[in-house]
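The following exercises concern the reading of strand pairing and burial from a protein model. Please examine the sequence and the structure before turning to the solutions.

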Amino acid sequence: MSNPPFADLRERLKSGRAALAAAYLETPSATRYLSRHAALVDAVLAEIGTRLDLPASFCLAAVGGYGRGELFPGSDVDVLLVLPHDPTAGQQATLESWVQACWDVGLEIGHSVRTIEACIAEADADITVETNLLEARFVWGAAALFDAFSRRFRARFDAQHFFDGKLAEQQARHARFDDSAYKLEPNLKDSPGGLRDLHTIHWLAQACSIRDGWNGISRAGLLTRAEARRIAREERALSALRIHLHILAGRREDRLAFDYQTELAERLGLAATAHKRAGERLMQGYYRAAKLIQRANDILIQSLRVRLFPVTAPPEPIDADFQVRARLLEARAPDLFERKPDALLRIFIVYARHPALAGFEPATLRALWRGSTRIDAAFRAHPAHRALFMTLLRQPVGITRAMRAMHRYGLLARYIPAFGRVVGQMQHDLFHVYTVDEHILTVLRNMRRFTVPTLAHEFPLASRLITAFDKPELLYLAALFHDIAKGRGGDHSELGAVDARRFCRQHGLDKADSDLVAWLVAMHLAMSRTAQKEDISDPDVIAAFAARIGNARRLSALYLLTVADIRGTSPKVWNAWKGKLLEDLYHAARVQLAGDDVAPPDIAAKQNEARINLALYGFPTDAADALWRHLDERYFVRFDARDMAWQARMLWRRTDSPDAVVRARLSPAGEGIQVLVYTPDRPDLFARICGFFARIQYTILEAKIHTTRHGYALDSFQVMDMANRGIHYRDFLSFVEHELARDLDPARPMQPVPRGRLSRHQRHHPYPTTVRLESDAQGRGHILSITCADRGGLLFAVAETLMQHDVSVYAAKIDTLGERVEDTFLIRGAVLQTPAGMQALEADVRDVLK
């Protein structure tokens, strides 16, 4: 049998690509690989054209990235066949054979066949087509026809229209990635800070008649030669990473997926360190490169815009050193930052004070970027500079905007070197979705939002507290330093507190203020841990927490930092229930700190308030007595009066019902639902309830388990749909009441719960599973704490294990942090009375979490 047509060309292309890949892996050079790959494809395409006897009047051109001579291993081969006229029927058949031959040899082409007139019409109608044609390169055929096309294309080129179109295209592309370069799996090509941002600069430079890449941009005075070399180096590094990624994936893959990060790091010679995985080092390098590219994109696009759209409006002076021109902040002298280094900080104070400013004038922005290198140890030690930084933090408006600008242009990392060490550092703890630097600035933004009167409805308590706080700059400093020691090893809270105290003393804060900032950094996790892991209805828990806080000022500051911090981790972590827990803890601790710590809970007052609530619904004053006589003091301590009244209404005249009573309502916390379960107690009850909610994909946030004196379980659950499916609540409440009651029927077998799988993130960045079992400090039982990666059916698996050991749960705090859970169970059982029994239970729980 004869070989198929073009078999030799197919083998030539295949072996050529394999040789290029092998040579690249041996001696990586992105520039050499890309140009040689393009040259290989040029030769194959030319040979196909010759063998098929394409008309000599036709012209084959490379366009897009292939036209630039940059052909990545898995990229499409974008080509344009230029024709002098519409093809005849015979020529059309030849063209179809040509397209088929390209695919047969292994070229995944993106092709278009047009006359010059059609090319011009398409370019006028579509900015993407125009961009592809801007980089057209002759490959084979009628060179004269290609020259004619090039002349016609350049003659109709409208630089200003092209500039506007590319900017709009970039904005839309960035929006697809939420305007963030810091996705866990960024797209090397299209994400903000990716290769496409550099391509956009090159295209806009061509629109301004600036050619020869970064050298040409440098010669045009928009970059120094050193800056041009640095950006070119980052472009080569990203290109090299993309080549590795394509080779590793065996196809076009531009997303830095978890599946590839570790192996890519190894191929690039990045080894794990004591505190960072190899993949984390890879991603930190990528994020830092992306930040530099974003910075260059900002500066150069502004500069190129001015070349195309010169600003003729006269400047408006602000002070002796700064002025406004076309809503852009401008240094009045080009050498301002050299003559007056303090202007490197003053410019951001001016920027904060003038919210109408749209940004910085291009020449000023370039000078600011270059001047940032003047921020060294001597600059940081200068008393005037330290005073200016504190002045910035004390501005009534614009602090977040100014800090983000300082960060974007590299000055914040230079002024606070510890901050510079966490730039681009990802946190694979399964709930932070931002790099450490972005998280810190998000927390600062959240803190600032509390001060905005028009946003007071979002967090009324936080708004009141920060309005009354005498020195809000201390809160901003705590936000800046709370996670600044991440990645160093050891307790980042304690290490960060040392940094914060030193910074505060250096910046003129007195001992009391310095101590407060350092204390906030050291304690920034304490309030969330207490609210989400301990029983805050327990007076002993409140007393212990208040003792750690010490005074009301610290309590207010810690509450503000805690809310800002949790909201700054991930959009999925904060919810109304966590907000309610923190508010309840704040109010309880505030009462304790006010001196009411010795007063026992006023159960009679609670009962009276509940009776008044019942009366509002038309119930007799003794409606709750039948239920309450079966309940001990702990019930009245743990539930508030509104819950007590609701439960009494739901169980009126049903306190001895042999069947399960299930009632559900919208949660008073404002999100999710509250479910009451009342039924004769038995060992499998908690497991059945957990199994039901696991099957309908609802997450239990909190469980309060109470056993009455006559052997009934009175359980209250806060549950939430973590998938936000938009379920119609009225129908859903009826569904929960009916279906859960059916599942609790002891005659019905316990329903199985499918075991969920770990997500890709969890598989590639495994989070350590911890199980801790210890005696409750109050001596009422034991505390089981688990921390692990979340997955479907996890809580049911734990509950089933507890049931098998005949262990009862009397309270549970279920804290889901993104893809991580930190659950705490207060448990009792005979097995817990011996060390061997405790070890067996702990081992079995650990097994089901694997």
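Four exercises with worked solutions follow; the model is predicted.

**Exercise 1.** Describe the overall make-up of the protein chain: its secondary structure, its extent and its burial.

Solution. Begin with the secondary structure, which comes to 39 helices and 16 strands. Next, take the extent: along its principal axes the C-alpha trace spans about 100 × 80 × 55 Å. Then consider burial, taking a residue as buried under 20% relative accessible area; of the 850 residues in the chain, 56% are buried. Turn to the contacts between residues at least 6 apart in sequence: 71% of them join residues at least 24 apart. Finally, the chain exposes about 35800 Å², and carbon and sulfur atoms supply 51% of this area.

**Exercise 2.** Determine the strand order of the open sheet that contains E5, and identify its edge strands.

Solution. The sheet has 4 strands in the order E5-E6-E7-E8, and their pairing is mixed. The edges are strand E5 (316-317) and strand E8 (359-360), each of which pairs on one side only. Helix H16 (residues 362-371) packs on this sheet and touches E7 and E8; the direction of H16 makes about 60° with that of E7. Between strand E7 (residues 328-331) and E8, 2 bridges are found, in the parallel sense. Within this pair, Leu329 lies opposite Phe360 of E8.

**Exercise 3.** Establish which strands pair with E12 and how the residues of E12 are arranged.

Solution. Start with the partners. Strand E10 (residues 673-680) pairs with E12 through 8 bridges in the antiparallel sense, with Tyr678 opposite Leu714 of E12. Strand E11 (residues 699-707) is likewise antiparallel to E12, over 8 bridges, and here Glu702 stands opposite Gln718 of E12. The hairpin of E11 and E12 has 4 residues between the strands, and in it Gly711 adopts a positive phi near 85°.

Now examine burial in strand E12 (residues 712-720): 9 of its 9 residues are buried. Tyr712, Leu714, Ser716, Gln718 and Met720 point one way, while Ala713, Asp715, Phe717 and Val719 point the other way. Both sets are buried, including the charged residue Asp715.

**Exercise 4.** Explain why strand E16 is described as largely enclosed, and describe its pairing with E14.

Solution. In strand E16 (residues 820-828), 8 of the 9 residues are buried, so the strand is largely enclosed by the rest of the structure. For the pairing, strand E14 (residues 782-789) and E16 run antiparallel and are joined by 8 bridges. Cys788 stands opposite Val821 of E16.

How values were computed. Residues numbered from 1 in each chain as written. Predicted model: local features only at pLDDT ≥ 70, side-chain atom pairs only at ≥ 80, totals over all residues. Heavy atoms only, no water. Buried < 20%, exposed > 50% of the residue type's maximum accessible area, 1.4 Å probe, protein only. Pairing = 2+ DSSP bridges. Contact = heavy atoms within 4.5 Å. Areas by Shrake-Rupley, 256 points an atom, 1.4 Å probe, with all protein chains shown as cover. Axes fitted to C-alpha atoms, helices over the stretch in contact; angles between N-to-C directions.
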